[in-house]
Structure formats: C-alpha cells, structure tokens
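Reader: I should like to request a close look at one part of this model, namely the places where its helices pack. Please set that part in its surroundings and proceed step by step.

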Amino acid sequence: VSRQADMFRTRATQDGLTGLPNRSEFTGRVDSLLHSPSRGHVAVLFIDLDGFKDVNDSFGHGVGDELLIEAATRLAAEVRDSDVVARFGGDEFVALLADCSDDEAVEVAERLRASLSAPYRVGHRDVVVSASIGLARPGADDDAESALRNADLALYRAKESGRDRVSVYEPAMHASALRRLDAAARLRHALAHDRLTLAYQPIVDLRTGDIYAMEALLRFDHEDFADWTVTEVIEAAEESGLIVPVGGWVLDAAIGTLGEWRRKGIDVRMNVNVSARQLEAGGDLALQVENALICYEVPPTSLTIEITEHQLVRDLEHSTSELARIRRLGVRVALDDFGTGYSSLSYLPRLPLDSLKIDRDLTSRTGSSRDTVPAVLRLGRDLGLAVVAEGIERPEQLSLLRAAGCTLGQGHLLSMPLGERAALELLRSSGRIPLPAPTTAPALDPSGAPEAAEA
C-alpha cells in the first residue's frame, strides 16, 4: 500500500516524461515562496522551445520526447539547488528563481536560453531549436497565477519580437493583452453583423502596366476599429482563433466578387490570403475552396491562394498536403512574404507552389549592397515559379526591378488598395495601370536608403 501511495504521489506531482515537477506542484511551490516571510527577490520564467512542433512533425514523437528529456536535463543543470524547474506540458517549461537580483535573473534566463538553443543529438541526428523566455518579478500582492500570467505575457513579447530571446515583463504588456482581447471581441461582432469588407490591390505586369491579378485584402468599418491597424486586428484574430471564420468569410467574399466580375465580362485573376490555422482546421479548406468555385461559377485557374512563409513552416507536412489538395483543383498557390527570415532551400522545392511574392523588406533593399532580389528571381526561374515584388513605393525601385528582370509587382506606387466599385471601374475602363517613366536610380547606401543629394 505504501508503494502504491508513493506511486500515486509521484504521478500527482511529477511530469511523467521528464521527471520534473508538474504544473500543480510548481504552482504550489511558487505560492509557498511568495507567501513566505523570507521570500526575498523572486523571478518566474516561462520558457517555450521555438521550432519544437516542426521537430515532432518531421521526425516523430519519439524524437520529440527525446529532445524534451534533454531540454529538461539542461534546464535542471543550469539552475541552483534553491531554484525550481518544471514542465507544464508540450514544449512549455517554467522556472522559479529564489533570492536573485534583477541582473542575476536576466543572466540566468540568458544562460538557459543559450543552453536550450545548442544543438541536440536525438534519434541519431542533430536537431536545432531555440528558446523564447518570458521573465516576471512578482510584486508583493502577486500570487502564482498572476506571476505566471505576467511571465506568459513577457513570453508572448519575446516570440512577437522574433523568438530566441528573453523578454522581461512590463505593465504595458498587460494593457497590450487587454487591447488584443478587445480587438478580437470587436472583430467577432463585426463578423456576426456583416460589417467586414474587402479592398482590392492590383498586381501589375511591370512591362506593360496590365493588371495581372487583384489581391483581396480584409478591411472593416472605421467606427468599429478607429484606433487599430489592420495588422493589429489580424494578429488578434490569429491569436484568438477567429482567423478561421474570418478567413473563411474573406475567401467566400473574394470568390463571390470574382464570379460577379466574370459575369460582367471581366476576366481577371484573384489572390486570396489564407492562414496556417485555416490549413490546420480539419482539412476543410480545400473543400471550402472547391464549393465556393462551384457556387460562384469561377474557374479554378482564376484563383490564387497565398500563404505567408513563416506560417507555412508551423506544420510543414500538413500544410503541404492541404495545399497540394487545393492545387489539384487547378487553383494556383503563392508563397507570400518570401525572405522574411524563415526561408529554407531544403523545403522550398517540395512545396506545391506556382509563385513567390518577395517581401517588401527585400524590395526596399533593391539596388543596395544587400539586394537579394536578383537571387530570388534566379531561384524562381530555376524552380519554374513566377515572382512578384511586393511593396513597390518609389520610381527608382520600379526601374531597378524591371532592369533585374522582375515582371510582376505590387505596391502603393502602382496602386493603393481599392474599394470594390473603384476596382471594377479600373478593370472596366482599361485594366491597366499607367507606369511611371523609367528613372535613373540614385546610388543606394548599404542600408538600402537613397543617399542624400548634394545641395
């Protein structure tokens, strides 16, 4: 009986895989320390392994479990005997640092980040992941729940800022979290009350000015979102999961508009952005695309589905399979924001793609010493992919892109996003964007900005 009691006690307090304390045990220890008269300066760390899901999906759960066990060993080895390291589940770990200064807490967090980011030898292969860490210093009135919530908010900031870094909690992060919740609530209301709209931005043939396609972009009533940018609202939708129904609405509305234009004799392609969450939602995206094409009598070749590069690598195997299903319908697939830091030539040839869209940051460097557009154009040609340059804003960018052999582009220099009526009028009148006269591009400094002209 004693042995059984010990076994149940162990199960109640320890993580079964790593042997570390589990969530309930860790939370109890944090509360105990925070309520201790001799608590001293305490820090709570929330730790997440960046890229762990890709390891699991690529090499299997066995390799993933080996990596988690090794990560737990590294964490335990880097902290003091008075500290506590625990696993909350998945790739989420936490640490409680007792009696440490602000500088010491950050130093320990950075040491943990560096240790977790070193290569792992698991499953007879070398695997690399990184770690994002949120650090919070509980106040006098904080309990374990509030301390962990603040550390989690700091972790969110670390991931939002690019991952593989330590972020320290600040009160403004709580306000940001409330703002994201507010944006999600407003978006949910706008979706339920049919207050979402679309704008359409031309993708232009840079040789002739002919409109090659229209990209559908989500917009909403300014009364609902007076103080929010589109990017903020979409990020809130991603975080809350609302991006799935909102993305579904965008897809249906865009294909519906395309069908209406075609009935008016206008033959144009439509590009629609989708989220990785839509791809992950039970394999329904391909069916939704197919049903909308049939419903609005739109040929599949008139539609292009865009997915951003950093979202695609979240679950590469499943995303690739779902995109292949969509492509088998005859729909084109584009990789959006190419070159944003996640590019990998190892996976690119395996993806079911028809085109690449060069991220606006790369377009802004055109003509500088860091200009990678010619390399992307060569890559596109080698893989048989069309290449579209996004974010064209200056005449000299257009001239340099054309000189480099880029034939498709998009940006405010060519056309701002248009409402449905203005887009229809443009397509009816000429279907063409007047291109600025060729310019002699100024010399660019290494940062990609034009050098100031001499007075």
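Author: Contact here means heavy atoms within 4.5 Å. Please bear in mind throughout that this is a predicted model.

Let us begin with one pair of helices. Helix α7 covers residues 171–192 and helix α8 covers residues 230–240; their axes come within 9 Å and cross at roughly 90 degrees. Angles of 65 to 115 degrees count as roughly perpendicular, and α7 is therefore roughly perpendicular to α8. On the side of α7, the residues that meet α8 are Arg179, Arg180, Ala183, Ala184 and Leu187. On the side of α8, they are Glu232, Val233, Ala236, Ala237, Glu239 and Ser240. Sorted by character, the residues of this contact comprise six nonpolar, one polar and four charged.

A second pair of helices has another geometry. Helix α4 (residues 61–78) and helix α5 (residues 102–117) have axes that come within 10 Å and cross at roughly 150 degrees. Angles over 145 degrees count as roughly antiparallel, so α4 is roughly antiparallel to α5. The crossing in which α4 passes α5 is right-handed. From α4, the contact draws on Ala71, Arg74, Leu75 and Glu78, while α5 contributes Arg111, Leu112, Ser115 and Leu116. The residues of this contact divide into four nonpolar, one polar and three charged.

Helix α5 also leads to a sheet. This sheet is open and has five strands in the order β2-β3-β1-β6-β7, with mixed pairing. At its edges stand β2 (84–89) and β7 (166–168), each of which pairs on one side only. From one strand to the next, the twist averages 20 degrees. Within the sheet, strand β1 (residues 43–50) and strand β3 (residues 92–97) run antiparallel and are joined by six bridges. Aspartate 48 stands opposite glutamate 92 in β3. Across β1, β3, β6 (130–136) and β7 lies α5, which runs at about 160 degrees to β6. Helix α6 (residues 144–160) packs on the sheet as well, touching β1, β2, β3, β6 and β7. The direction of α6 makes about 135 degrees with that of β6.

Packing of a helix on strands also appears elsewhere in the chain. Eight strands form a closed barrel that runs β8-β9-β10-β11-β12-β13-β14-β15, and its pairing is mixed. Strand β8 (residues 196–205) pairs with strand β15 (residues 408–409) in the antiparallel sense, over two bridges. Valine 204 has glycine 409 in β15 as its bridge partner. Helix α17 (residues 420–429) lies across β8 and β9 (211–220), and runs at about 170 degrees to β9.

One interaction inside a single helix completes the account. Arginine 29 forms a salt bridge with glutamate 25, and the closest N and O atoms are 3.0 Å apart. Why are arginine 29 and glutamate 25 separated by about one helical turn? The reason is that they are four residues apart in helix α2 (residues 23–34). For the model, the count comes to 30 salt bridges, where a side-chain nitrogen of Lys or Arg must lie within 4 Å of a carboxyl oxygen of Asp or Glu.

Key:
Residues numbered from 1 in each chain as written. Predicted model: local features only at pLDDT ≥ 70, side-chain atom pairs only at ≥ 80, totals over all residues. Heavy atoms only, no water. Axes fitted to C-alpha atoms, helices over the stretch in contact; angles between N-to-C directions. Parallel < 35°, antiparallel > 145°, perpendicular 65-115°, else oblique. Left-handed = near helix turned anticlockwise from the far one by under 90°. Nonpolar A, V, L, I, M, F, W, Y, C, P; charged D, E, K, R; others polar. Pairing = 2+ DSSP bridges.
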